[in-house]
Amino acid sequence: MNALYTADPTARNWGDGKLWLYTSHDVPCMASYSAMNDWHVFSSENGTDWVDFGSVLSLDKLNQKGWEVYNAWAPDCVYIEGYYYFYFPVKGMKDKEWKIGVASSKKPQGPFENPKVLVSNWGIDPNVFVDDDGKAYLYCQFKMGELNEDMITVKEETIVELKDVAPIPYSHFEGPFVFKRHNKYYYLCSSEGYKRLIYYMSDLPLGPWEYKGTLMAPDEKPAENNHCSVVKYKGKWVLFYHQKECNKARKICADYLEFNEDGTIQQVVRTEKGIQF
């Protein structure tokens, strides 16, 4: 059986007793990220045995609808008011602009239908955080802002650029992920050639963000990039991320996340053991 290579994991806990993963899909031992053409969804009850629901949206389906795009990169998914909203970045074949799309489903495993363009020129790697008050926020490589209640448009007056609300200690930022713990907001992303995971903290969902340091140092072996998400499942906080496996193809990994008394995060060291619930 051919190995299934996946990357860019967004982990979610929908409260149904399962752990869910929304991922990009690497072609085995691919030489270019432009070879990626669809997205997958997985679920597990123990963090070890996973069900693959297969391709839940693809470039073929988008292009059949006239999108004319390529590069099926890092996705996200959130649940609100009976619908699962799936967010994804794609690049226009003609205009070469990065677009953030959104599709929806009444099931966590999709398939996701009715795709629409949400924003353009925000960069890549959409992440959506839904706060305790029900307000939702979109974070991308360069910009962030509050979503309207329809979950497919942004409140223009709330849009800010990352460089204006956070210090930039390294170059090459991508892969944002925001979560909340004890009334503090955490902004995670990759940097330093996409290999190092760093994080910020704030009292507000759109910052300003205070830089806190490295969450995961670059791997000792050559690594193309890293991309992470955080989820609380069965009382434990878990960091999902990926590592290079074959050429540019990657595999998803997970390790536990520990916090200090002041709310800062202890640096995560990769393990072979991973997680087990």
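These legends go with close-up views of salt bridges in a predicted model.

**View 1. D95 and K99 pair up through their side chains.** The N-to-O distance in this salt bridge is 2.7 Å. The two partners sit in rather unlike surroundings: D95 is partly exposed, at 40% relative accessible area, while K99 comes in at 12% and is buried, because the cut-off for buried is under 20%.

**View 2. K180 reaches D132 in a salt bridge.** Here the closest N and O atoms are 3.1 Å apart. K180 belongs to strand β14 (residues 174–181), and D132 is in the loop between β10 (127–130) and β11 (136–139), so this pair ties together parts that are 48 residues apart in sequence. As for solvent, K180 is partly exposed at 22% relative accessibility, whereas D132 is exposed, with 68%.

**View 3. E245 and K251 make a salt bridge too.** Their side chains meet at 3.6 Å, N to O. Both ends get some solvent: E245 is partly exposed, with a relative accessibility of 42%, and K251 is also partly exposed, at 33%.

**View 4. D95, E97 and K99 belong to one network.** What joins these residues is salt bridges that share partners. The D95–K99 pair from the opening view, with its 2.7 Å N-to-O distance, turns up again here. For the wider picture, the model's salt bridge count comes to 14. As a general reminder, side chains of opposite charge can pair when their charged atoms come close.

How values were computed:
Residues numbered from 1 in each chain as written. Predicted model: local features only at pLDDT ≥ 70, side-chain atom pairs only at ≥ 80, totals over all residues. Heavy atoms only, no water. Salt bridge = Lys/Arg side-chain N within 4 Å of Asp/Glu carboxyl O. Buried < 20%, exposed > 50% of the residue type's maximum accessible area, 1.4 Å probe, protein only. Helix = DSSP H or I, 4+ residues; strand = E, 2+ residues; numbered from the N terminus.
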